[in-house]
Every structure is written in structure tokens, then in C-alpha cells.
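Work through the exercises below with the structure open beside you, and try each task before you read its solution.

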Amino acid sequence: MYQLLIVDDETSVVDSLAMTVQWKDYGIEEVHCAYSAQEALHIAAKYSIDIMITDIQMPEMSGLELIEVMQHYSRKIRCIILSGHDEFEYAKKALAFQTQDYLLKPVDYNELINSVKKAIHNVEEEWKEVISFQRIKQTLEANLPLMRSQLLNDLLKNKIIRHEVLDERLALVGVPFRFDDPYMMMVVRMEEDFSGYDLQSLSLLEYAVTNIADEVFQKLFTLWHCVTEQGYLVFLIKGNQSDDLHLVDSFAVKLQNHVQKFLKGSLSICLSNIAKFPDDLQNLYLDAINAINRNIGNNKSFFLTINEKSEQPQSSIVKKLYAPPALSTLLDSGSWDEAIAKIDELLIVGSSADEQSYDLSQDQLFTVLLYLSSSFTICFQPNGSSLYDQMGPEFDLLLRKKGHLSRQRIYDWASKIIIALKAKTSTQMENAQQQVATKVRTFIHEHLSEGISLQIIADHVGLHPVYLSKIYKTVMNETIGDYIYHFRMERAVHLLRNTDLKISEISDQLGFQATPHFIKIFKEHFGKTPQDYRNR
């Protein structure tokens with residue numbers, strides 16, 4: 001969705017254009033009204049304006065002068081001029097400023113709408129070019145950006161580089177930063193909106209974000225960026241003019257808006273104070289990621305400075321981790337659905353008001369990751385593969401790219417591990433359970449007259465009665481009690497038909513403690529007493 005700015009010193013013209021057209025039907029999310037050029041500039045400094053409709057003759061500053069200044073904020077802004085003068089010189093100057101259209105008053109609304117639609121189309125096409133995967137691929141294949149990134153990573157790690165050597169390397173890779181240059185550091189975390197992309201291909205999105213940043217900042221600033229091993233995007237920002245660094249925060253917000261608009265994802269940004277290159281690079285970076293970790297649970301797509309702090313509860317996730325049943329217990333018993341529900345409970349915010357106010361911090365996410373990995377290792381079976389291999393390649397990336405840790409990524413990885421465990425053990429489990437069920441029936445057949453119970457059978461097969469009942473019902477689709485009951489009735493019919501045993505003797509063979517109880521159960525099942533059944 002796009003933002004439109006309407007500028008005219010005639011209040012009625014601005015209000016009429018803003019309210020008459022249903023701009024949302026044409027992709028305009030917000031319409032800003034300015035009744036002077038200065039007010040328009042104030043709005044442009046605060047919002048990410050995509051299209052501007054302006055009068056050409058206004059007090060203090062003409063529409064053409066306003067367009068020239070606006071392009072200082074963003075060279076991608078599309079401008080449409082409204083004029084009461086059908087003069088060639090005006091139109092000629094408008095073309096010189098790459099104006100989208102030159103329309104005459106009174107306004108033809110259909111003509112204006114078509115002009116806005118054309119402007120939106122042009123903006124979309126230009127941004128598609130900026131973030132195209134072909135351009136990203138070419139950037140990845142080029143050696144120079146990689147050398148620049150590596151040099152910045154070395155500096156962030158506080159790698160000692162002599163001044164003269166650093167000067168040579170900066171010149172070699174074409175980075176226009178020199179000693180004592182004022183700079184600011186911007187550390188960017190790509191939020192969970194991007195979790196649909198696998199970690200191996202996430203570098204394409206990282207380069208897309210850096211390309212958008214270059215486009216947004218290039219008029220006033222020089223950028224030098226890298227992706228750290230932890231997965232953060234780090235930008236060093238130098239102003240082209242002495243006082244430009246004081247405008248960095250507004251451009252950082254524009255970067256967030258453009259990424260949300262064109263990549264459909266959120267960025268969290270932390271800005272440092274102004275420092276002198278190359279002083280304090282490592283300290284500023286560590287302070288920035290600590291600030292992000294403190295605030296990551298409070299908001300999505302937040303904007304903060306290194307000095308901002310927040311408090312968040314730490315005990316909630318620990319309670320969930322160790323709340324029974326333990327994940328390892330669920331996995332060991334083959335309770336796969338319950339195991340996934342346990343992971344879902346750990347990673348999805350609960351329903352209480354306190355829990356809804358906070359997401360999981362990065363430290364909490366890392367704690368969950370380690371808890372899950374330790375639970376999985378308990379359940380892995382020796383199969384010729386190392387524990388590390390059984391964890392899968394995603395685990396290695398989650399450990400290294402801590403900046404990309406998110407609930408969804410951890411959940412997807414853990415679910416994949418559980419599915420693999422389930423598939424690997426299902427055949428073994430089915431065979432083992434079938435053997436248990438067969439053993440139960442054999443024991444019942446051989447010891448029916450002894451007055452068997454679930455506890456006696458469980459002791460025989462070496463399983464807990466509850467667990468045994470669950471296994472048996474899963475395999476045989478009936479309970480052990482149901483099987484004993486039906487087997488007794490079938491055996492009773494056989495003995496009544498094929499032997500001359502007394503009713504009391506049959507009752508004893510079937511394991512009933514009292515003959516009247518046997519007679520009662522038999523009659524309830526067949527509708528007649530054992531003797532009547534025999535005599536029929």
C-alpha cells in the first residue's frame with residue numbers, strides 16, 4: 001500500500017481531492033494533506049511518501065521548487081503537477097524535474113486517478129528492479145562486496161589492524177571511511193515475518209534489505225554494511241554533509257517501511273550514538289545486540305537506541321520447560337502429538353495477560369533450543385550417525401545464526417525432528433507392541449483359571465498397567481478387560497457344549513471366585529443361565 005501527499009495553498013482544492021476520490025480502491029493506504037510547501041516538507045520528513053500531487057504556483061515556494069527539494073528526500077517519489085496555466089514553459093520545466101504528469105485545473109478526476117495509477121505502477125516496477133533476485137545474485141557473485149563485508153566483520157570482532165594497513169584495505173575495497181570520520185552504527189534484525197524462508201537461502205533476503213537500504217540512504221549518506229556470523233545486518237553510516245547524521249533516524253524508519261511494503265517483512269533496528277571511525281566498533285555492536293535482546297519480546301519491528309532498556313519476565317519460560325510431563329518422557333513413550341503440543345506450549349505465547357504482553361527474548365529462545373536439543377539426544381538411537389548429524393543441518397544454522405532465532409524457526413526444526421523420530425521408531429514400535437499384545441493373550445489363555453488381573457498381567461510382561469492398557473488397546477482395538485470377558489464367555493460356551501463339567505467347575509476354570517457371579521455374568525451376556533444354555 002502507498003502513501004499520497006496532496007499539496008495546494010487552496011484549502012478547498014486539497015480537501016476536495018482528499019475526500020472525493022476513494023483512494024484506497026487504487027492502492028493508496030494513507031492520504032496526507034498539506035496547505036503549504038513547508039507543511040509538505042514536514043510531512044515528507046516524517047512519512048514515506050510515494051506520490052505527491054502539487055499545485056505549481058504557491059506562496060514562498062513553487063511546486064517545481066518543492067519537487068526539487070522532495071527528490072532530496074527520495075529520488076523515487078512520483079510527482080503530479082496541477083496547474084491553472086496551460087503554458088509551455090511550465091510544462092518544459094516540469095519535464096526537466098521528471099514529473100509524472102502535468103494536469104490542468106479544474107481537475108478531471110478520471111485523468112488524475114489514471115495518473116496516480118500510472119505512478120504506482122512505475123514505483124512498483126522500479127522497486128522490483130531494486131530487489132530483483134538477478135541483481136541480488138550478481139551482488140553475491142561479485143568479490144568486492146564480500147571483501148568489504150569481511151573487512152567490516154574483522155573490525156567488529158576487534159581484530160587488530162595497523163592504521164596504515166587499514167587505510168590500504170579501505171582504499172582497496174573502495175570504502176570511503178577514513179580515520180576520525182563521524183559515523184553511526186545501525187544494527188538490523190530481520191523479524192519472524194521472514195521465518196517462511198529457510199536459513200540457507202535467507203542470504204538472498206539479507207541482500208535485498210541491503211539494496212533497499214542503499215536506495216533509501218544514498219542521497220545523504222554513505223553506507224558500509226555486512227552480515228555478522230550471528231545473522232545481524234550491520235551498517236556503518238557516514239553523512240555526506242557535516243550535519244546529515246542527525247537525520248539518520250528518519251531514514252531508518254523509511255527503511256523499515258520500504259521493507260514492510262516490498263518484502264512483506266519486519267525489521268527491528270538499533271541505532272548508536274555518533275562516534276569516530278574506527279573507535280568503539282566492537283563495543284557499539286555488542287551494545288546494540290544486547291539492546292535488541294532486551295527489547296525483542298516487547299514489540300515487533302521496533303526502533304530503539306543503544307541506551308534504551310526494558311524489563312521482561314524471565315521465569316515464565318523456565319517454568320514451562322520443566323513443567324511435567326518432560327519432553328524426553330513424551331518422546332520415549334511415543335506420545336508424538338503430546339510432544340508437539342509441549343513444544344507449541346513452549347514457543348507460542350499463552351493466554352494470560354502477562355504472557356500476551358511479552359514475546360520470547362533471544363536468550364529465552366536460545367534456552368528453548370538447547371532444552372529441545374538435549375531432550376532429542378536422549379531419544380536418538382545409535383544408527384551409525386553422530387548425534388550432531390541426527391540433529392540436522394538446520395540445528396547448526398540455528399546455533400550459528402542466533403540473530404535469526406525465532407519461535408517459528410525453532411518450532412519447524414523441532415517438529416521435523418519429531419516426525420523423523422516417529423517414522424524411524426514406528427515400525428519397531430508396531431512390532432514390539434504386537435509382541436506385547438500376543439504375550440498378554442497367551443498369558444490369559446494359560447492362566448485364566450487363576451483369577452488374573454491387569455496388575456498380574458502387567459507384572460508378567462514387565463510394563464506399567466496403564467501403559468500396558470494403552471499399548472494393547474492401540475494394537476487390538478479393545479481393552480484387556482474386554483478381551484478377558486469375551487474369552488471367558490467363548491470358553492464357557494465351549495465347556496458347556498463339549499464337557500460334562502458342573503457349572504461350578506466351569507466357573508472355577510474361567511477364574512470366577514464365586515459360581516453365582518459367573519451365572520449372573522453369563523445370563524447378562526446370553527440372556528439365559530449356563531444350565532438353560534446347556535439344556536436347550
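**Exercise 1: a strand and its neighbours**

Find out whether the two faces of β3 are covered or open. Solution: both faces of β3 are covered, since I51, I53 and D55 on one side are buried, as are M52 and T54 on the other; buried means under 20% relative accessible area, exposed over 50% and partly exposed in between, with a 1.4 Å probe and protein chains only. In a regular strand the side chains alternate between the two faces of the sheet. The model is a predicted one, in which local features need pLDDT of at least 70 and side-chain atom pairs pLDDT 80 or more, while totals for chains, interfaces and linings use all residues. Residues are numbered from 1 along each chain as its sequence is written, and side-chain values use heavy atoms, without hydrogens and water.

Next, determine which strands run parallel to β3. Solution: strands pair if DSSP finds at least two bridges between them. Four bridges join β3 to β1 (residues 2–7), where I6 stands opposite I53. Five bridges join β3 to β4 (residues 78–83), and here D55 stands opposite L82.

**Exercise 2: a helix**

Compare the expected span of helix α11 (residues 281–295) with the distance between its end C-alpha atoms. Solution: the expected span is 1.5 Å times one less than the number of residues, so the 15 residues of α11 should span 21 Å, which agrees with end C-alpha atoms that are 21 Å apart. Among the buried residues of α11 are L281, L284, Y285 and A288. An α-helix has 3.6 residues a turn, so residues three or four places apart point the same way.
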